[in-house]
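These are my notebook entries from a sitting with one structure, written down in the order in which I looked things up.

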Amino acid sequence: MTPLSRAFFDRATAAVARGLLGQRLVRALDGVRLAGLICETEAYGGSDDMASHAFRRTPRSAIMYGPPGYAYVYFIYGMHHCLNVVTEGDGQPGAVLIRGIVPEEGIEALRIRRGGVDDRHLANGPGKVCQALGITVALNGVDLTTSAELFIEPGAIVPDAEVAITPRVGVRGNVAALDRPWRFVWQHPENCQTAVKAV
DNA sequence: TATACGATCACCT
DNA sequence: GGTGATCGTATAC
C-alpha cells in the first residue's frame, strides 16, 4: 500500500499526532515485515514548548526544524530508543512521539525481539516499540515517505469517541504551558496501555 | 573538560 | 507502588 504522503505530516503537530492514530507503522527487517497500528502518540512543539527537544535548537534537535515526514530517533536513559516523526514545514519545528502500537504482522518476530514478554507488553511503550521493531539511531533522518525500511501506511479510521486526550507523560513541573493536552490514546480493545487518566 | 539528568522499562516488594 | 539500570546530550565552569 502507498505510504502516507509528505502532505500528511506537513500540518500542525497536534493534528498529525491525532491523525496518526490507527495508521499502520511498518518496519521491514531482515526481509520480514513487522507492522502494527499506532495507538498512542504525543505532540512536541518548538521554542514555546519547554518539554520539547526543539525548545532550543541544537545539533540533535535540528532535524525537528527540517521538512516533515522524516524519522527522528534518539537514545535515552542509556538503554532505550524513541521514535518520532517530524511535522510542520521546513523551519517550523515539531515532532510526534510514537508511544505505542497494536501488533498486526510479524508477531512471532516481535515476541523474539522482546525476549518473550507477555503479548500485552510487546509494544505498549516508546522504548518497547523501538526494541520490537528493531529501530535504532541508525534510522535517524530516514524519509518515511520514500524508505522501504520504515514507513507508515493508511490503516484504520479512528472515531473521536475512541480517542482519549490527556497531558503528556514524563513532563515535570506544574507550568500551565506544559499541561497542554497533546497526548492521544486510541481506546482500542487490544490497546494494552497502562490505565489512561481521565481527561 | 566535567557533571547532572532525562519524552523509560523491568523487576522487586 | 517504588526504585535501580545506564549513557548521550546539554549546559556550566
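Entry 1, the DNA strand. Before counting anything beside the DNA, I set down the cut-off: a residue is near a molecule or strand if one of its heavy atoms lies within 4 Å of it. I also remind myself that this is a predicted model, and I read each value below as computed from it. Taking the atoms of DNA strand C within 4 Å of the protein, I find that 73% belong to sugar or phosphate, while the rest belong to bases. I then looked up which residues surround DNA strand C, and the list is Arg56, Thr58, Arg60, Phe75, Tyr77, Gly78 and Met79. Sorted by kind, the residues of this surface near DNA strand C are three nonpolar, two polar and two charged.

Entry 2, individual distances to the DNA. I looked at the phosphate oxygens and found one that is 3.1 Å from an N or O atom in the side chain of Arg56, and I noted a distance of 2.4 Å from a phosphate oxygen of DNA strand C to an N or O atom in the side chain of Thr58. With Tyr77 the partner is a base oxygen of DNA strand C, and a backbone N or O atom of Tyr77 lies 2.7 Å from it.

Entry 3, chain A as a whole. I count five helices and eight strands in the secondary structure of chain A, and from the N terminus on I read their order as α-α-β-β-α-β-β-β-α-α-β-β-β. A compact globule of 199 residues would have a radius of gyration near 16 Å, and chain A agrees because its own value is 16 Å. I also noted that the C-alpha trace spans about 40 × 35 × 35 Å along its principal axes. Of the 199 residues, 51% count as buried, and the accessible surface of chain A comes to about 9,400 Å², of which 55% belongs to carbon and sulfur atoms. Among contacts between residues at least 6 apart in sequence, 61% join residues at least 24 apart.

Entry 4, helix α5. Why do I describe helix α5 as largely enclosed by the rest of the structure? I do so because six of the eight residues of helix α5 (residues 126-133) are buried. The buried ones are Pro126, Gly127, Val129, Cys130, Ala132 and Leu133, and they pack against β1 (24-29), β2 (32-44), β4 (80-86), β5 (95-105) and α4 (107-113). Just after α5 I came to Gly134, which takes a positive phi of about 65 degrees.

Entry 5, Glu153. I found Glu153 in strand β6 (residues 150-153) and asked myself whether Glu153 is buried or exposed. Its relative accessibility is 3%, and since buried means under 20%, Glu153 counts as buried. The side chain of Glu153 makes a polar contact with the side chain of Arg33, at 3.1 Å. Leaving out residues up to four places away in sequence, I see Glu153 touching Met1, Thr2, Pro3, Leu4, Gln23, Arg24, Val26 and Arg33.

Entry 6, Pro68. My last residue sits in the loop between α3 (62-65) and β3 (71-76), and with a relative accessible area of 4%, Pro68 is buried. Apart from its neighbours within four places in sequence, Pro68 is in contact with Arg6, Phe9, Asp10, Val86, Thr87, Glu88, Gly89 and Asp90. I also looked up Pro181, 113 residues away from Pro68 along the chain, and their C-alpha atoms are separated by 22 Å.

How values were computed. Residues numbered from 1 in each chain as written. Chains lettered and ligands numbered in written order. Predicted model: local features only at pLDDT ≥ 70, side-chain atom pairs only at ≥ 80, totals over all residues. Heavy atoms only, no water. Polar contact = N/O pair within 3.5 Å; in protein donor to acceptor, adjacent residues only side chain to side chain. Nonpolar A, V, L, I, M, F, W, Y, C, P; charged D, E, K, R; others polar. Helix = DSSP H or I, 4+ residues; strand = E, 2+ residues; numbered from the N terminus. Buried < 20%, exposed > 50% of the residue type's maximum accessible area, 1.4 Å probe, protein only. Contact = heavy atoms within 4.5 Å. Rg over C-alpha atoms; globule rule 2.2 N^0.38 Å. Areas by Shrake-Rupley, 256 points an atom, 1.4 Å probe, with all protein chains shown as cover.
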